[in-house]
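User: Please take a close look at one short helix in this chain and at what surrounds it. I would like the burial of its residues, then the side-chain pairs, in one connected account.

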Amino acid sequence: MYVVQDENLGKRLAHGYPYLEAEVAYCARNEYCETAVDFIARRSRLAFLDTDAASKAMPRVIEILGAEHSWDRNRKKLELEKTKAFLKTFKSSQNAVVTR
């Protein structure tokens, strides 16, 4: 992946998971990835695997997508809020299944 070599995006987004920073840039450039939720939930599936890891990766995902799409500070803040709200739905007791 040339993005890794050319732009120093070879670090992992989350410890213990294989997703690289370069994948965020690649998805933004080639797969129409337009939001942090899109990457964290659909492209990498990290939100479904580990919400804590997804939360830790979120700022870097937003930083990379912001650079790719020329987001201003307000758009980055909005992405952060939307992604936090999305990840919160995974931990809500309202979503828990009650078994008896």
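Analyst: Helix α3 is followed by R45, a residue with a positive phi near 65°. The model is a predicted one, in which local features need pLDDT of at least 70 and side-chain atom pairs count only at pLDDT 80 or more, while totals for chains, interfaces and linings use all residues. Residues are numbered from 1 along each chain as its sequence is written, and side-chain values use heavy atoms, with hydrogens and water left out. Helices (H or I, at least four residues) and strands (E, at least two) are DSSP runs, numbered from the N terminus.

Helix α3 covers residues 36-43, and because six of its eight residues are buried, the helix is largely enclosed by the rest of the structure. Buried means under 20% relative accessible area, exposed means over 50%, and partly exposed is the range in between, for a 1.4 Å probe and protein chains only. The buried residues of α3 are A36, V37, D38, F39, I40 and A41. Their packing partners are α2, α4, α5 and α6, where contact means heavy atoms within 4.5 Å.

D38 also takes part in a network of salt bridges that links it with E31, R42 and R43. A salt bridge is counted when a side-chain nitrogen of Lys or Arg lies within 4 Å of a carboxyl oxygen of Asp or Glu. The structure holds seven salt bridges.

Two of the helices that α3 packs against, α2 and α5, are themselves joined by charged pairs. In one pair, E21 meets R60, with the closest N and O atoms 2.9 Å apart. E21 belongs to helix α2 (residues 21-30) and R60 to helix α5 (residues 51-69), so this pair links distant parts of the chain, 39 residues apart. E21 counts as buried at 7% relative accessibility, whereas R60 is partly exposed at 25%.

R60 also has a salt bridge with E63, at 2.9 Å from N to O. E63 and R60 are three residues apart in α5, a separation of about one helical turn. E63 is partly exposed, at 45% relative accessibility.

R29 and E68 form another salt bridge, their closest N and O atoms being 2.8 Å apart. R29 is in helix α2 and E68 in helix α5, so this pair too ties together parts that are 39 residues apart in sequence. R29 is partly exposed with a relative accessible area of 38%, and E68 is partly exposed with 26%.

Helix α4, another packing partner of α3, leads to the aromatic pairs. Rings of Phe, Tyr and Trp (its six-membered ring) pair if their centres lie within 6.5 Å; planes under 30 degrees apart count as stacked, over 60 as edge-to-face and the rest as tilted. This rule gives two aromatic pairs. F48 and F90 are edge-to-face, 5.2 Å centre to centre with 80° between the planes. F48 lies in helix α4 (residues 46-49) and F90 in the segment after α6 (73-88), so the pair connects parts 42 residues apart in sequence. F48 is partly exposed at 43% relative accessible area, as is F90 at 33%.

F90 also pairs with F86, again edge-to-face, at 5.2 Å centre to centre and 75° between the planes. F86 is partly exposed, with a relative accessible area of 23%. Together, F48, F86 and F90 make up one aromatic cluster.
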